[in-house]
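This report goes through a single protein chain, from its overall make-up to two features of its side chains.

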Amino acid sequence: IGFFLADAVVGLMASNLSEEQLADWGWRLPFLISLLPGLAAIRGRKNLPESKLFLELMNSSAHATSRSDEEIISDSLSDDSADSSSHGHGQSRMGGYTGGRRQAPS
């Protein structure tokens with residue numbers, strides 16, 4: 001979608017501005033236009049709450065507890081019993097790539 005929007009902006013600029021205008025200042029317009037979705041993304045990210053797992057990992061790192069990150073992740077995954085169907089070759093339970101290693105079912 002982004003490619004088509006960018007192509008549309010360049011097409012509109014090329015049809016409405018001369019080559020000299022494009023070379024002088026017109027090339028700056030796409031960068032100015034891209035500020036709007038960029039600022040919206042930043043604002044949206046700031047309002048997005050952190051996940052429980054991330055907060056636990058940060059809390060454990062800040063307080064230097066004896067629990068490893070793997071133990072915290074394991075405990076968090078055992079709490080989430082709803083999605084156990086993603087065990088398989090190349091995917092972890094959280095859906096991330098594991099380098100092709102098979103994950104043992106818990």
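## Contacts and model

A contact here means heavy atoms within 4.5 Å. The model is predicted. Among contacts in the chain with a separation of 6 or more, 6% are accounted for by residues 24 or more positions apart.

## Secondary structure

The chain contains 5 helices and 2 strands. Read from the N terminus, the order of elements is α-α-α-α-α-β-β.

## Burial and surface

The chain has 106 residues, and 13% of them count as buried. The exposed area of the chain is about 8,700 Å², with 61% of it supplied by carbon and sulfur atoms.

A nonpolar patch of about 400 Å² lies on the surface, made by Leu32, Leu35, Leu39 and Ile42. Of these residues, Leu39 sits in helix H3, which covers residues 29–46. Leu39 has a relative accessible area of 54% and is exposed. Residues qualify for a patch at over 30% relative accessible area, so the 54% of Leu39 meets that cut-off.

## Salt bridge

How many salt bridges does the structure hold? The count is 1. The salt bridge joins the side chains of Arg45 and Glu50, with an N to O distance of 3.1 Å. The cut-off for such a pair is 4 Å between nitrogen and carboxyl oxygen. Side chains of opposite charge can pair when their charged atoms come close.

Both partners have intermediate accessibility values: Arg45 is partly exposed at 43%, and Glu50 is partly exposed at 36%.

Technical notes:
Residues are numbered from 1 along each chain as its sequence is written. This is a predicted model: local features need pLDDT of at least 70, side-chain atom pairs count only at pLDDT 80 or more; totals for chains, interfaces and linings use all residues. Side-chain values use heavy atoms; hydrogens and water are left out. Helices (H or I, at least four residues) and strands (E, at least two) are DSSP runs, numbered from the N terminus. Buried means under 20% relative accessible area, exposed over 50%, partly exposed in between (1.4 Å probe, protein chains only). Accessible areas come from the Shrake-Rupley method with a 1.4 Å probe; for residues, only the protein chains shown count as cover. Patches are made of residues with over 30% relative accessible area and no salt bridge: like charges are joined within 9 Å, nonpolar side chains (Val, Leu, Ile, Met, Phe, Trp, Tyr) within 5 Å.
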